[in-house]
Amino acid sequence: MTTTRATTDVPISEVSAHAYTIPTDEPESDGTLKWDSTTLVIVTAHAGGQTGLGWTYGHSALRHVINSDLARAVIGLPATDVPRAWAAMATALRNSGRPGMGSMAIAAVDVALWDLKAKLLSLPLATLLGRFHQSVPIYGSGGFTSYSDSRLRTQLADWVQQGITMVKMKIGREPAQDPSRVAAARKAIGPDVRLFVDANGAYRPAEAIAVAHELADFDVSWFEEPVSSEDLEGLRTVREQVPAGMAIAAGEYGDDLSYFQRMLDAHAVDVLQADVTRCGGISGLLRVDALCRARSRPLSLHCSPTIHGNVAVALETMVHVEYFHDHVRMEDMLFDGAALARGGALWPNVDVPGMGVEFRWSDAERYAA
């Protein structure tokens, strides 16, 4: 199909956001936080008779930022010039606050604009971005500290039965219980599945080092956020003293490129993490991938499997994506075309333009925030 100048020059005509708060299937907790619901902020962007879809997970206040500041910043710009729109949104939030929630708002709109561009050009998003990988390896993620041992074993074993060869559980809320919980997890998944743990910053460096050596008996190969991600010196100290073969990972809260650069400059992680719904969207994620290439560091993607399943194939340094229980459940509830695991991996939708995802507005209505 020949792309006409009219198609590439079509202006963005509308951007709108809606928020929905979805209860979890049971109360959940990790090493530092408890929750019983998640708020999904959905964005649509319109141009040339096409609609792009994007989203983030955060506070419902993001809806107001998007519907006011960000919509005004991008309406009228060429829909295919996504980097230009991204820069306009960043400028629009200069005084309101670009990091944190501002970056999450930009992310949701940016994803919608990339989906829109792909539809205008009649290309699958993965094809538009270009593919370094054919599929995206995943690790099953949940294992909340609120779970009973029985629930923990069942969840992890179910993922293994689906062909997933890596699983992650939460630790750190009751440190004395961590060894027995990790032992139960290892028994449930068998000796050949990689076992990851995530403390969500629950420990101090000395505690984290001691925990790492204790959990090495269960062949734990990944220790995520053993201390707060703000404590770069602490992360480096832990990284230097954990058992050989145990990777230290962090970065999921990153909201701009300097955040990730500081983490890499500090030699704080073996694997950098990033989340497309927090780091400024697909445009931001492409920059993080370039930074990882420059620093020879692998990149693991945090949550949001349906977006990442279509985008991660374009990232040269990508090693895997978190197949997070809450997001998998919500995406299955509310999206047609949501990513599904096959053979321990996600596969981009290359049969239709864009991400190939449609939001079920009528199903979501009862959760409107």
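In the predicted model, strand E4 (residues 136-141) and strand E5 (residues 166-170) run parallel and are joined by two bridges. One residue pair of this arrangement is Ser141 with Lys168, the latter being the bridge partner in E5. Strand E5 is largely enclosed by the rest of the structure, because five of its five residues are buried. In a regular strand the side chains alternate between the two faces of the sheet. In E5, Met166, Lys168 and Lys170 point one way, whereas Val167 and Met169 point the other way. Burial applies to both sets, the two lysines included.

A separate description applies to strands E1, E2 and E3. These three strands form an open sheet, in the order E1-E2-E3, with antiparallel pairing. Strand E1 (14-29) and strand E3 (50-57) stand at the edges; each has a single partner strand, so one side of each is left without a neighbour in the sheet. From one strand to the next, the twist averages 20°. Strands of a sheet pair through backbone hydrogen bonds, either parallel or antiparallel. Between E1 and strand E2 (residues 34-47), which run antiparallel, there are 12 bridges. The connection from E1 to E2 is a hairpin through four residues. Along this pair, Glu14 stands opposite His46 of E2, and Tyr20 has Leu40 of E2 as its bridge partner.

Two helices are associated with the three-stranded sheet. Helix H2 (residues 61-74) lies across E1, E2 and E3 and runs at about 150° to E1. Helix H4 also packs on the sheet and touches E1, E2 and E3, its direction making about 150° with that of E3.

Helix H4 takes part in a helix-helix contact as well. Two packed helices are described by the angle between their axes and the distance between the axes. For helix H4 (residues 101-120) and helix H11 (residues 281-295), the packing angle is about 95° and the axes are 6 Å apart. H4 is therefore roughly perpendicular to H11. On the H4 side the contact is made by Ala107, Asp110, Val111 and Trp114, and on the H11 side by Gly281, Ile282, Ser283 and Leu286. Of the residues in the contact of H4 with H11, five are nonpolar, two are polar and one is charged.

The cysteines were examined for covalent pairing. A disulfide is a covalent bond between the sulfur atoms of two cysteines. Zero disulfides are found in a search of the whole structure. For Cys279, the closest cysteine sulfur is that of Cys292, at 11 Å, which is too far for a bond, given that a disulfide requires sulfur atoms within 2.5 Å. Cys279 is buried, its relative accessible area being 3%. For Cys303, the closest cysteine sulfur belongs to Cys279; at 13 Å, this sulfur is too far for a bond. Cys303 likewise counts as buried, with a relative accessibility of 3%.

Cys279 is also related in space to Tyr259. The two residues are 20 apart along the chain, and their C-alpha atoms are separated by 9.5 Å. Tyr259 is located in helix H10 (residues 257-265). At a relative accessibility of 10%, Tyr259 counts as buried, because the limit for burial is under 20%. With residues up to four places away in sequence not counted, Tyr259 touches Ser229, Glu230, Gly251, Tyr253 and Gly254.

Backbone conformation was considered at two loop positions. Most residues other than glycine have a negative phi, and most peptide bonds are trans. Asp219 has a positive phi, near 55°, and is a residue other than glycine. Asp219 lies between helix H8 (205-215) and strand E7 (220-224), in the loop that separates these elements. With a relative accessibility of 49%, Asp219 counts as partly exposed. His267 is not a glycine either, and its phi is positive at about 50°. The loop that holds His267 is placed between H10 and strand E9 (271-274). His267 counts as partly exposed, at 40% relative accessibility.

Notes: Residues are numbered from 1 along each chain as its sequence is written. This is a predicted model: local features need pLDDT of at least 70, side-chain atom pairs count only at pLDDT 80 or more; totals for chains, interfaces and linings use all residues. Side-chain values use heavy atoms; hydrogens and water are left out. Buried means under 20% relative accessible area, exposed over 50%, partly exposed in between (1.4 Å probe, protein chains only). Contact means heavy atoms within 4.5 Å. Axes are lines fitted to C-alpha atoms, for helices over the stretch in contact, and angles run from 0 to 180 degrees between N-to-C directions. Angles under 35 degrees count as roughly parallel, over 145 as roughly antiparallel, 65 to 115 as roughly perpendicular and the rest as oblique. Ala, Val, Leu, Ile, Met, Phe, Trp, Tyr, Cys and Pro count as nonpolar, Asp, Glu, Lys and Arg as charged, and the others, Gly among them, as polar. Two strands pair if DSSP finds at least two bridges between them.
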